[in-house]
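Please open the model in your viewer and keep the selection tool at hand for a short guided tour.

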Amino acid sequence: MVPGTAPGRARAARWRERLIAAGWMVLIWNLLWGRFTVGNLLGGVAAAVVVLVFFPLPPVTLDSRLRPGPLLRFAVRFAGQLVGASIHVAWVAVRPWYRPRSAIIAVPLRVRTDLNLALTAEVISLVPGSLIIDVDRDAGLLYVHVFDVRGPQDLSLARRRIGDVERRIVRAVGSPAEVRLLETTPVEKGTAP
């Protein structure tokens with residue numbers, strides 16, 4: 001039960017969450033089949049019921065707040081990173097006899113919520129030239145494969161970029177407490193500007 005809520009409201013909220021999840025599962029089921037038919041709708045409902053009954057999701061409490069301004073800034077910067085990284089990887093790929101070096105770095109995140117870990121890991125993995133290798137949930141660490149590393153300055157730059165991604169994500173969708181944590185937590189050397 002969520003602290004500060006009545007048992008009836010908490011139960012109603014849980015059923016609402018299940019119905020929303022079931023609705024998404026039915027939609028995805030039909031999209032995977034490629035057609036919306038009665039049979040596919042019934043099959044999607046049956047699959048959703050099986051998943052929700054036999055594999056129940058743990059209750060998730062989100063204190064996040066969507067902020068349109070920071071979300072727009074995040075989207076613009078992300079698009080810029082995608083284009084820039086794609087050009088860089090393409091340039092490395094077409095250069096004959098150039099052998100790029102890579103590295104795996106550990107980057108500590110300042111906000112250690114599951115949502116922040118997941119969103120930051122997804123965004124990092126979507127940018128060409130970087131890939132999440134592992135996540136240490138307890139320590140709040142991302143292990144990232146970095147492409148085309150020429151020296152220690154490239155490793156520091158990669159850490160700063162990942163810290164910047166985390167900061168933009170938290171400012172766009174984080175709770176007020178997470179934003180305060182981001183502002184007050186000291187930055188480890190080389191992890192973020």
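The stops below run from a surface patch to aromatic pairs and then to a buried threonine.

This is a predicted model, in which local features need pLDDT of at least 70 and side-chain atom pairs count only at pLDDT 80 or more, while totals for chains, interfaces and linings use all residues. Residues are numbered from 1 along each chain as its sequence is written, and side-chain values use heavy atoms, with hydrogens and water left out.

Select I20, W24, L27, I28, L31, L32, F36 and L41, which make a nonpolar surface patch of about 850 Å² (patch residues have over 30% relative accessible area and no salt bridge, and nonpolar side chains are joined within 5 Å). Helix α1, residues 7-33, gives the most to this patch, with 6 residues; I20 lies in that helix and is partly exposed at 44% relative accessible area (buried is under 20%, exposed over 50%, partly exposed in between, with a 1.4 Å probe and protein chains only).

Next, select W29 and W33, whose ring centres are 6.2 Å apart with planes at 55°, so the pair is tilted (centres pair within 6.5 Å; planes under 30 degrees apart are stacked, over 60 edge-to-face, the rest tilted). W29 is partly exposed at 31%, whereas W33 is exposed at 55%. Moving to helix α3, residues 68-94, select F74 and F78, 4 residues apart; both are buried.

Finally, select T120 in helix α4, residues 114-126, where T120 is buried at 0% relative accessibility and its side chain reaches the backbone oxygen of N116 at 2.8 Å.

Definitions and conventions
Patches are made of residues with over 30% relative accessible area and no salt bridge: like charges are joined within 9 Å, nonpolar side chains (Val, Leu, Ile, Met, Phe, Trp, Tyr) within 5 Å. Accessible areas come from the Shrake-Rupley method with a 1.4 Å probe; for residues, only the protein chains shown count as cover. A salt bridge is a side-chain nitrogen of Lys or Arg within 4 Å of a carboxyl oxygen of Asp or Glu. Helices (H or I, at least four residues) and strands (E, at least two) are DSSP runs, numbered from the N terminus. A polar contact is a pair of N or O atoms within 3.5 Å; within protein, one must be able to donate a hydrogen and the other to accept it, and residues adjacent in sequence count only if both atoms are side-chain atoms. Rings of Phe, Tyr and Trp (its six-membered ring) pair if their centres lie within 6.5 Å; planes under 30 degrees apart count as stacked, over 60 as edge-to-face and the rest as tilted.
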